[in-house]
Amino acid sequence: MVLYYLLTAFYVLVCMVLLLVVLLQQGKGDIAAAFGGGSSQSAFGARAGPTVLSKATAILAVLFMLGAMALAIMGQRGPGSVIRGAAPPPRPAGAPVTPAPVPTTPPAPTTPAPAPAAPAPQ
């Protein structure tokens with residue numbers, strides 16, 4: 001149970017840092033450059049080498065996905081019960097013992113048995 005809370009705290013931290021890293025990255029250009037309005041020859045501008053922020057984004061994205069799957073698997077087991085496997089509490093010393101109710105079934109219908117047939121005369 002402690003592992004679940006630690007993983008949840010780590011997951012929230014990864015989410016916050018991922019959000020910060022994505023927001024810190026510089027934009028690739030305006031929307032006009034994507035549709036040919038800019039001066040670049042390629043569709044999305046010149047390709048630059050990976051920066052520290054883009055590497056951090058990739059690593060944090062992988063941690064985000066793995067954390068989401070781990071939390072989903074751990075949450076699928078359902079909540080644990082505190083009283084599972086515990087013996088029932090003992091009865092107090094002066095408590096009266098009440099018997100369990102006896103189920104009543106209706107009596108079976110009685111039908112008279114047919115009379116044996118008399119032997120036929122020969």
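The exercises below, each with a worked solution, concern a predicted model of one protein chain.

**Exercise 1. Overall make-up**

Determine which secondary structure elements the protein chain holds and in what order they run.

Solution. Begin with the count: the chain has three helices and zero strands. Read from the N terminus, the order of elements is α-α-α. Next, take burial: 7% of the 122 residues count as buried. The accessible area of the chain is about 11,200 Å², and 71% of this comes from carbon and sulfur atoms. Last, consider contacts between residues at least 6 apart in sequence: 84% of them join residues at least 24 apart.

**Exercise 2. Aromatic pairs**

Find the aromatic pairs in the whole structure and classify their geometry.

Solution. The search gives two pairs. Y4 and Y5 make up one of them, with 5.9 Å from centre to centre and 70° between the planes. An angle over 60 degrees counts as edge-to-face, and the pair Y4 and Y5 is classed accordingly. In the pair of Y11 and F64, the ring centres are 5.4 Å apart and the planes meet at 20°. Planes under 30 degrees apart count as stacked, so Y11 and F64 form a stacked pair.

**Exercise 3. Placing the stacked pair**

Work out which parts of the chain the pair of Y11 and F64 ties together.

Solution. Locate each residue: Y11 belongs to helix 1 (residues 2-24), while F64 belongs to helix 3 (residues 52-76). The pair therefore links parts that lie 53 residues apart in sequence.

**Exercise 4. Accessibility of the four ring residues**

Assign Y4, Y5, Y11 and F64 to buried, partly exposed or exposed.

Solution. The cut-offs are under 20% for buried and over 50% for exposed, with partly exposed in between.

- Y4 has 30% relative accessibility, so Y4 is partly exposed.
- Y5 has a relative accessible area of 52% and is therefore exposed.
- Y11, at 17%, is buried.
- F64, at 31%, is partly exposed.

**Exercise 5. A nonpolar surface patch**

Identify the residues of the nonpolar patch on the surface, and state which elements give two or more residues to the patch.

Solution. The patch is formed by F10, V12, L13, M16, V17, I59 and L63, and together these have about 620 Å² of accessible area. Helix 1 and helix 3 are the elements that contribute two or more residues. Helix 1 supplies the largest share, five residues. F10 lies in helix 1; with a relative accessible area of 41%, F10 is partly exposed.

Notes. Residues numbered from 1 in each chain as written. Predicted model: local features only at pLDDT ≥ 70, side-chain atom pairs only at ≥ 80, totals over all residues. Heavy atoms only, no water. Phe/Tyr/Trp six-rings, centres within 6.5 Å; stacked < 30°, edge-to-face > 60°. Buried < 20%, exposed > 50% of the residue type's maximum accessible area, 1.4 Å probe, protein only. Helix = DSSP H or I, 4+ residues; strand = E, 2+ residues; numbered from the N terminus. Patch = residues over 30% accessible without salt bridge, like charges linked within 9 Å, V, L, I, M, F, W, Y side chains within 5 Å. Areas by Shrake-Rupley, 256 points an atom, 1.4 Å probe, with all protein chains shown as cover. Salt bridge = Lys/Arg side-chain N within 4 Å of Asp/Glu carboxyl O. Contact = heavy atoms within 4.5 Å.
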